[in-house]
Amino acid sequence: MIRNGRGAVGGAEQPAPEGRRAVRVWCDGCYDMVHYGHSNQLRQARAMGDYLIVGVHTDEEIAKHKGPPVFTQEERYKMVQAIKWVDEVVPAAPYVTTLETLDKYNCDFCVHGNDITLTVDGRDTYEEVKQAGRYRECKRTQGVSTTDLVGRMLLVTKAHHSSQVSRGGVPEVPGSRSPWERRSISLLPQGPPAHAPVPAWSWGGHTWSAGLSALLCSSVQEMSSEYREYADSFGKCPGGRNPWTGVSQFLQTSQKIIQFASGKEPQPGETVIYVAGAFDLFHIGHVDFLEKVHRLAERPYIIAGLHFDQEVNHYKGKNYPIMNLHERTLSVLACRYVSEVVIGAPYAVTAELLSHFKVDLVCHGKTEIMPDRDGSDPYQEPKRRGIFRQIDSGSDLTTDLIVQRIITNRLEYEARNQKKEAKELAFLEAVRRQAAQPLGEQDGGF
């Protein structure tokens with residue numbers, strides 16, 4: 001078990017309101033590629049009780065029932081632990097939620113979103129606790145899913161982004177001013193494709209030559225129809241449309257930000273620390289960095305500045321960020337180490353910004369700092385003041401490496417998502433058929 005403490009790092013369990021015992025709530029899941037949808041589920045679950053315990057499944061269990069996870073179990077444990085509404089994490093939680101599990105951790109009930117989770121043989125993993133009346137449901141967050149995010153990353157592999165080839169065979173994206181993008185593409189392993197119904201960097205265990213990809217797709221217009229076909233079919237299976245797995249549009253609201261934000265201003269004696277970046281696909285590398293920054297002061301107040309999508313696109317390349325500014329805002333706000341978020345922070349850390357937020361310390365990780373558009377160092381002002389610190393998080397995980405994991409295992413993830421949806425659609429059809437049967441003919445199971 002990994003205990004977090006409510007609203008603080010390493011705090012103790014909070015007592016229930018006077019006159020009643022604490023209500024303990026159980027959630028469980030894969031929590032693979034943790035995003036603001038997961039965080040919102042846990043926020044809602046925590047609001048139903050006083051203490052939230054989250055069980056996280058092992059890699060082996062996920063592979064058995066769903067397909068290969070993107071992140072390792074140790075990475076997933078730590079990501080869930082960093083969500084501020086979680087009080088305790090239980091590693092290696094069983095895939096099927098039973099009354100025995102709830103009783104073992106003294107939980108009153110479990111909470112899950114209003115979608116379904118099925119075993120490898122198509123049974124509802126919450127069937128037992130539902131029948132016992134120890135199941136609660138919360139609203140699923142529209143506009144995001146792990147399936148959706150994997151789909152967005154797979155589109156990064158499409159050669160339609162490159163209609164021109166520079167010297168050396170590295171594609172240049174029209175309008176892109178990012179040397180980072182061309183450099184990262186050139187580092188991809190080279191190898192001829194066996195065959196490719198949809199152009200991609202990775203196929204059959206090999207990765208295409210960047211130049212060959214561009215030659216096969218001589219213009220963006222030629223690729224657009226295949227791009228649309230792929231984007232429209234990802235996360236779908238023949239014969240149906242899954243209401244949960246499919247992609248929908250995320251709509252940000254002020255209420256959602258209020259729900260995620262702490263609403264607390266810096267207090268006397270707290271050290272205001274400013275960090276800035278894309279924080280795209282908020283992951284364990286970000287968490288490790290923020291945890292290290294949090295340890296720099298006895299009473300830290302960390303402000304995270306998130307760059308506009310256009311700014312991230314400028315220094316990261318054509319397909320970034322994977323998540324837009326509104327999505328990234330919620331992902332960072334859910335982290336227990338972050339006190340405040342600047343939505344659309346300037347790329348350069350200016351004197352005005354430092355004065356406005358009364359910043360004591362500015363931190364950046366070991367990743368490369370790209371110059372501002374005028375060629376200047378975006379951190380020159382905090383460096384001049386002597387308040388700049390470079391922090392080694394100890395993690396080598398980056399957004400780019402996550403994308404490469406997806407690219408490398410592209411076919412497995414496509415198959416996983418299609419298998420998952422087919423299973424869920426079959427379950428829905430079984431429910432529909434049973435509901436249509438006369439009451440006396442129902443057998444009470446699926």
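Strands here are DSSP runs of E at least two residues long, numbered from the N terminus. By that reading, Tyr274 belongs to strand β11. The model is a predicted one, and Tyr274 is a convenient place to enter it.

Before following that residue, some totals for the whole chain are useful. The chain contains 17 helices and 15 strands. Of its 446 residues, 53% are buried. Taking contacts between residues at least 6 apart in sequence, 76% link residues that are at least 24 apart.

Tyr274 has a relative accessibility of 0%, so it counts as buried. Its C-alpha atom is 5.9 Å from that of Ile302, although 28 residues along the chain lie between the two positions in numbering. Once neighbours within four places in sequence are set aside, the contacts of Tyr274 include Ile303, Gly305, Val342, Ala345 and Val349. Val362 and Cys363 are also among the contacts of Tyr274.

Val362 leads on to strand β14, where it lies. This residue is likewise buried, because its relative accessibility is 0%. The C-alpha atoms of Val362 and Ile303 are 9.6 Å apart, with a separation of 59 residues along the chain. Not counting residues up to four places away in sequence, Val362 touches Tyr274, Val349, Leu354, Tyr379, Pro382, Ile387, Phe388 and Arg389.

The next step is from single residues to the cores. In soluble globular proteins, nonpolar side chains tend to be buried together. In this model the largest nonpolar core has 68 residues, and Val54, Val275 and Leu290 have the most contacts inside it. Helix α11, which covers residues 284-294, gives this core its largest share, five residues. Another core, of 15 residues, lies apart from it and has Ala276, Val362, Ile387 and Phe388 among its members.

Val275, one of the residues with the most contacts in the largest core, shows what such a position looks like. Leaving out neighbours within four places in sequence, Val275 is in contact with Phe289, Leu290 and Val293. Its other contacts are Ile302, Ile303, Ala304, Gly305 and Cys363.

Helix α11 deserves a closer look. Ten of its eleven residues are buried, which leaves the helix mostly covered. The buried residues are Ile284, Gly285, His286, Val287, Asp288, Phe289, Leu290, Glu291, Val293 and His294. They pack against α3, the strands β11 (271-277), β12 (300-307) and β14 (361-364), and α16 (399-408).

One of these partners, helix α3, covers residues 73-81, and it packs with α11 at an angle of about 55 degrees, the two axes being 10 Å apart. That angle makes α3 oblique to α11. The crossing of the two helices is left-handed. On the α3 side, Glu75, Lys78 and Met79 make the contact, while α11 contributes Ile284, Val287, Asp288 and Glu291. Sorted by class, the contact has three nonpolar residues, no polar residues and four charged residues.

Glu291 of helix α11 is one of the residues in that contact. Its relative accessible area is 16%; the cut-off for a buried residue is under 20%, and therefore Glu291 is buried. Apart from neighbours within four places in sequence, Glu291 is in contact with Lys78 and Tyr337.

Two loop residues remain, and both concern the backbone. Most residues other than glycine have a negative phi. Leu281 is not a glycine, yet its phi is positive, at about 50 degrees. This residue sits in the loop between β11 and α11. With 6% relative accessibility, Leu281 counts as buried.

Asn106 also has a positive phi without being a glycine, with a value near 55 degrees. Its place is in the loop between α4 (99-104) and β5 (109-113). Asn106 counts as exposed because its relative accessibility is 54%, whereas Leu281 counts as buried.

Methods:
Residues are numbered from 1 along each chain as its sequence is written. This is a predicted model: local features need pLDDT of at least 70, side-chain atom pairs count only at pLDDT 80 or more; totals for chains, interfaces and linings use all residues. Side-chain values use heavy atoms; hydrogens and water are left out. A nonpolar core is a set of buried Ala, Val, Leu, Ile, Met, Phe, Trp, Tyr and Cys residues joined through side-chain atoms within 4.5 Å. Buried means under 20% relative accessible area, exposed over 50%, partly exposed in between (1.4 Å probe, protein chains only). Helices (H or I, at least four residues) and strands (E, at least two) are DSSP runs, numbered from the N terminus. Contact means heavy atoms within 4.5 Å. Axes are lines fitted to C-alpha atoms, for helices over the stretch in contact, and angles run from 0 to 180 degrees between N-to-C directions. Angles under 35 degrees count as roughly parallel, over 145 as roughly antiparallel, 65 to 115 as roughly perpendicular and the rest as oblique. A crossing is left-handed if the near helix is turned anticlockwise from the far one by less than a right angle, and right-handed if clockwise. Ala, Val, Leu, Ile, Met, Phe, Trp, Tyr, Cys and Pro count as nonpolar, Asp, Glu, Lys and Arg as charged, and the others, Gly among them, as polar.
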